[in-house]
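Student: I've just opened this one and could use a guide. Can we go through it together, with me asking how each label is earned?

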Amino acid sequence: MNFHCFPEESTRFLALINSLRGKRVAVIGHLRPDGDCIGAQVALCRILRAQGVDAVGVNGHAIPRNLRGFVGDTPFFAQDNSFDPTGYEAIFVDCSDANRAGSAMAAMFPAPAGNIDHHISNARFASENIVLPETAATCAMLSAFVFNLGLDIDPLTAQALYTGIVTDTGQFKFPSTTPEVLELAAQLLRCGACVRTTTRELYEQETFASLALLQRFLSSLTLHNKGRVCSGEIPLAAFDETGTTRENAEGFVDYARCIEGVDIAVLIEETPDGVKGSLRAKDERYRADLLAKKLNGGGHILASGFSLPNTTLADGRAHILETITAHLAEIDAQ
Ligand SMILES: [Mn+2]
């Protein structure tokens, strides 16, 4: 089955594999790994191993709880100081630059053999850079390569690739979900990936504690600016009281963003020395990146963040809401 996408990159991918035959390869992913990162690391390791390349996954951070089930018997060093890079070549996946894997990893492999990624800002830091910025996921790229090249993949590899595509397309909701991406996903199901497994592992194993934190957050939601702005907050004590950490609040801001009529959403988290904020814009014209800049932060057009040190929750909240009001007025006047 040929997907008529990335023929040239598929050929370069095969050449990269051929150049590494008989060698040992570390397949490296980024810090705070997500489904596309772990999926790409697991899949590429297994693809390489099937071609006679002795590959292992290496990540500076632990594999998140909900992704551990996708690793299977793939050799993987995560947050593990026992990995010795001597004699290993490196391929980075899903990393826009080497430092995304952590400065220690970047220093360990100053001259990586490969860089396979889909970020628009990729720094082309390896000998062979296979970068497709318009593609939905690194796992979508790898899927296209193996299908174009007719390489056999086992069900665990197919599952890892499918999981990466599901993660980075927001469960096939983002505009990056092209017909080709859906065809690749369909072919992965034919190769043994299971829709239920990915759904269950990724989205149906929340802890009770994180739902208790969500409950606290939802009860704090407040509308401002005639319903165009929604804020929610988490006081520092709430983490202790529910037995959670900041990681559990990941994604909460989207509950504020998805309310009808809301143009800008903000999650305000109290920290030991101030507050941290996550901003979401529903539409590109509201420029969450420029808004974050006014609060000494940064990010993307629809999603950004900032931190305000040396402030109380009450003062921080007041300053943030004033800044949002001024930003909205500026946008409306354009
Ligand atoms: Mn990705």
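Student: Okay, where is F6 placed?
Tutor: F6 sits in the segment before α1 (7-20). Keep in mind that this is a predicted model.

Student: What makes the phi of F6 worth pointing out?
Tutor: Its sign: the phi of F6 is near 60°, a positive value in a residue other than glycine. Most residues other than glycine have a negative phi. N296 also has a positive phi, about 60°, and is not a glycine either.

Student: Where is N296 found?
Tutor: Look in the loop between α11 (288-293) and β11 (298-299).

Student: And why is N296 called exposed?
Tutor: The relative accessible area of N296 is 70%, and exposed means over 50%, so N296 earns the word.

Student: What about S219, why is that one called exposed?
Tutor: Same test. S219, which lies in helix α8 (residues 208-219), has a relative accessible area of 64%. The cut-off is over 50%, so S219 counts as exposed. By the way, S219 and E233 are 14 residues apart in sequence, with their C-alpha atoms 9.2 Å apart.

Student: How do you know whether V56 is buried or exposed?
Tutor: V56 has 5% relative accessibility. Buried means under 20%, so V56 counts as buried. You'll find V56 in strand β2 (residues 54-59).

Student: Which residues is V56 in contact with, leaving aside its neighbours within four places in sequence?
Tutor: V25, A26, V27, C45, P75, F77, F83 and Y88. In the other direction, the C-alpha atoms of V56 and A329 are separated by 53 Å, with their positions 273 residues apart along the chain.

Student: On to the helices. Why is α4 called oblique to α5?
Tutor: Helix α4 (residues 138-149) and helix α5 (residues 155-168) pack at an angle of about 140°, with their axes 7 Å apart. Roughly antiparallel needs over 145 degrees, and 140° is also outside the 65 to 115 band for roughly perpendicular, so α4 is oblique to α5. The crossing of α4 past α5 is left-handed.

Student: Which residues make that contact of α4 and α5?
Tutor: C139, A140, L142 and S143 come from α4, and A160, L161, G164 and I165 from α5. By class, the contact of α4 with α5 has 6 nonpolar, 2 polar and no charged residues.

Student: Then what makes α2 roughly antiparallel to α5?
Tutor: Helix α2 (residues 35-50) and α5 pack at an angle of about 155°, with their axes 8 Å apart. The cut-off is over 145 degrees, so α2 is roughly antiparallel to α5. α2 also passes α5 in a left-handed crossing.

Student: What classes of residue are in the contact of α2 with α5?
Tutor: There are 6 nonpolar, 5 polar and 3 charged residues. Among those that meet are D36 and R46 in α2, and T167 and D168 in α5.

Student: Which residues coordinate the manganese ion?
Tutor: D36 (OD), D94 (OD), H118 (NE2) and D168 (OD) do, at 2.2 to 2.3 Å. Donors have to be within 2.8 Å of the metal, so these atoms qualify. In sequence the donor residues are spaced D-x57-D-x23-H-x49-D.

Student: What parts of the chain does the pair D94 and H118 link?
Tutor: Distant ones: D94 is in the loop between β4 (88-93) and α3 (103-108), while H118 is in the loop between β5 (114-117) and β6 (128-131), 24 residues apart. Both D94 and H118 are buried.

Notes: Residues are numbered from 1 along each chain as its sequence is written. This is a predicted model: local features need pLDDT of at least 70, side-chain atom pairs count only at pLDDT 80 or more; totals for chains, interfaces and linings use all residues. Side-chain values use heavy atoms; hydrogens and water are left out. Axes are lines fitted to C-alpha atoms, for helices over the stretch in contact, and angles run from 0 to 180 degrees between N-to-C directions. Helices (H or I, at least four residues) and strands (E, at least two) are DSSP runs, numbered from the N terminus. Angles under 35 degrees count as roughly parallel, over 145 as roughly antiparallel, 65 to 115 as roughly perpendicular and the rest as oblique. A crossing is left-handed if the near helix is turned anticlockwise from the far one by less than a right angle, and right-handed if clockwise. Contact means heavy atoms within 4.5 Å. Ala, Val, Leu, Ile, Met, Phe, Trp, Tyr, Cys and Pro count as nonpolar, Asp, Glu, Lys and Arg as charged, and the others, Gly among them, as polar. Donors are N, O and S atoms within 2.8 Å of the metal (3.2 Å for Na, K and Ca); water is not among the atoms, so sites may look incomplete. Buried means under 20% relative accessible area, exposed over 50%, partly exposed in between (1.4 Å probe, protein chains only).
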